[in-house]
Amino acid sequence: MALRIENLTVRYDDFNALDNVTHSFEPGTSTAVMGVNGSGKTTLLESIAGLINPASGQISGCCERLGYVCQCPPASWMPLTSNEVLAMGRYRERGLIGPLRANDRAVMRSASERLHINDLLSHSFGELSGGQQQRVRIAQVLASEPELLLLDEPITGLDIPSQERILAMIEDYSRRGATVILTTHHLDEARHCDCVMLLANRLIGAGSPQEMLTEERLREAFGERVLGDHQDHEHDHDLIVLDDHGHHGPQAHDHLEAGPTRGFRRFQRGQH
Ligand code: ADP
C-alpha cells in the first residue's frame, strides 16, 4: 500500500514549514527529497515518522515497520561496540534483554554485509570515523527490517566509499519492495532514485529524475543557487551547477553534466 500524504501543513509559530503538500510514495521505490536548507525536508520525514503533529492534512498507509535514520553528529562517547549498536536494531523483536536468536543473528549479518561493516563490528563505536558510524547506524535500522526507510541526508559529508555503499544499499533495498525516502543535497544521489521531490516549504514538483533535475525545475526550488547552463567546452555539454552554499561551505558545488539523451550525471563534485 502506498504511503500517501494529503494536504499536509506543518506550522511552527506562524510559519508554515510545509504548506499543503500532497504526494504518494509507492512501495518498491526510492524518493529523493531536495530543496535548500529550511525548505522542509526534515520536517517532512519527521511528520511521516510521527514525530511531529501536522497542523492539518493526513498521512495514510504508513506501516508500523518504519526505520528512521536522522541527522546525527559523530558520537565519540558511545561505550558500546559496533556489534552492540547493530544489535539494538533487533530490540523491537527480542526486547531490551531478550537473547539474540539465530534469526536475529542472520538479519544482523545481512544488514552488516549490505553496509560492509563486518570488519568494524568488534570496534568501539565511538572510535569509528563519521562515515563508519553512519554505516553502522544505517545497518542498525536495516536490522529492524523496515518496510518504510527514512534517511535524512544519509551521505552528506561522507567519504566516497561510504557514499557508494549507502547508495547501493538504497537501490537494492527499494528493489526488494521497501519504500525508501531520503533527503539530499546531492544531485547525483537524487539521480539514482526512482522519484525526485522538490520542496520549498511547498511542493514544487515530483517526478522522475529526468523530469525534475532540469535547470528550470531546480531553479524553482533552489533559485539563484542554480548557477548553470554553462557550456563545458572540454566535453561539449551543458552543465547544471548547483551552488550548495551554506550547506557544505562556500566552495561546495555539485556540477552536473546534462546531455540531451543521457539525462544527468555528476561531472565533478566539490570536496567537503
Ligand atoms: P530542511 O530539512 O529542509 O533544512 P527543516 O524541515 O529542518 O528544513 O526546517 C523547515 C523550517 O522549519 C525552517 O525554517 C526551520 O527553521 C523551521 N523549523 C524546523 N524545526 C523547527 C522547530 N522545532 N521550531 C521552529 N521552527 C522550526
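Visitor: At what distance does the side chain of T22 reach the backbone nitrogen of N7?

Guide: This is a predicted model: local features need pLDDT of at least 70, side-chain atom pairs count only at pLDDT 80 or more, and totals for chains, interfaces and linings use all residues. Residues are numbered from 1 along each chain as its sequence is written, and side-chain values use heavy atoms, with hydrogens and water left out. A polar contact is a pair of N or O atoms within 3.5 Å; within protein, one must be able to donate a hydrogen and the other to accept it, and residues adjacent in sequence count only if both atoms are side-chain atoms. The T22 side chain reaches the N7 backbone nitrogen at 2.8 Å.

Visitor: Is T22 buried, partly exposed or exposed?

Guide: T22 sits in strand 2; strands (E, at least two residues) and helices (H or I, at least four) are DSSP runs numbered from the N terminus. Buried means under 20% relative accessible area, exposed over 50%, partly exposed in between (1.4 Å probe, protein chains only). At 27%, T22 is therefore partly exposed.

Visitor: Besides R4, I5, E6 and N7, which residue does T22 touch, not counting residues up to four places away in sequence?

Guide: Contact means heavy atoms within 4.5 Å. T22 and R202 are 180 residues apart in sequence, yet 9.2 Å apart in space, C-alpha to C-alpha. The remaining residue that T22 touches is L203.

Visitor: Which element gives the most to the shell around the ligand?

Guide: Near means that one of a residue's heavy atoms lies within 4 Å. The residues around the ligand include Y12, F15, G38, K41, T42 and T43. Strand 2 (15–25) and helix 1 (41–48) each supply at least two shell residues. With three residues, the top contributor is helix 1.

Visitor: How many charged residues does the ligand shell have?

Guide: Ala, Val, Leu, Ile, Met, Phe, Trp, Tyr, Cys and Pro count as nonpolar, Asp, Glu, Lys and Arg as charged, and the others, Gly among them, as polar. The shell has four nonpolar and six polar residues. The charged count is one.

Visitor: How much of the ligand's accessible area does the protein cover?

Guide: Polar backbone atoms of S39 and G40 lie 3.1 Å and 3.0 Å from an oxygen atom of the ligand. For T42, a backbone N or O atom lies 2.8 Å from a ligand oxygen. Of the 560 Å² that the ligand has on its own, the protein covers 57%.

Visitor: N201 has a positive phi without being glycine; is N201 buried or exposed?

Guide: N201 has phi near 65°. Its place is the loop between strand 8 (195–199) and strand 9 (203–207). At 17% relative accessible area, N201 is therefore buried.

Visitor: What is the relative accessibility of H116?

Guide: H116 is not a glycine, yet has a positive phi of about 55°. H116 lies in the loop between helix 4 (102–114) and helix 5 (130–142). H116 counts as partly exposed because its relative accessibility is 47%.

Visitor: Which helix supplies the largest share of the largest nonpolar core?

Guide: A nonpolar core is a set of buried Ala, Val, Leu, Ile, Met, Phe, Trp, Tyr and Cys residues joined through side-chain atoms within 4.5 Å. The largest has 46 residues, and L151 and M169 have the most contacts inside it. Five of its residues, the largest share, come from helix 5.

Visitor: How many residues does the second, separate core have?

Guide: This second core includes I5, L44, Y68 and L199. Its residue count is 19.

Technical notes:
Areas by Shrake-Rupley, 256 points an atom, 1.4 Å probe, with all protein chains shown as cover.
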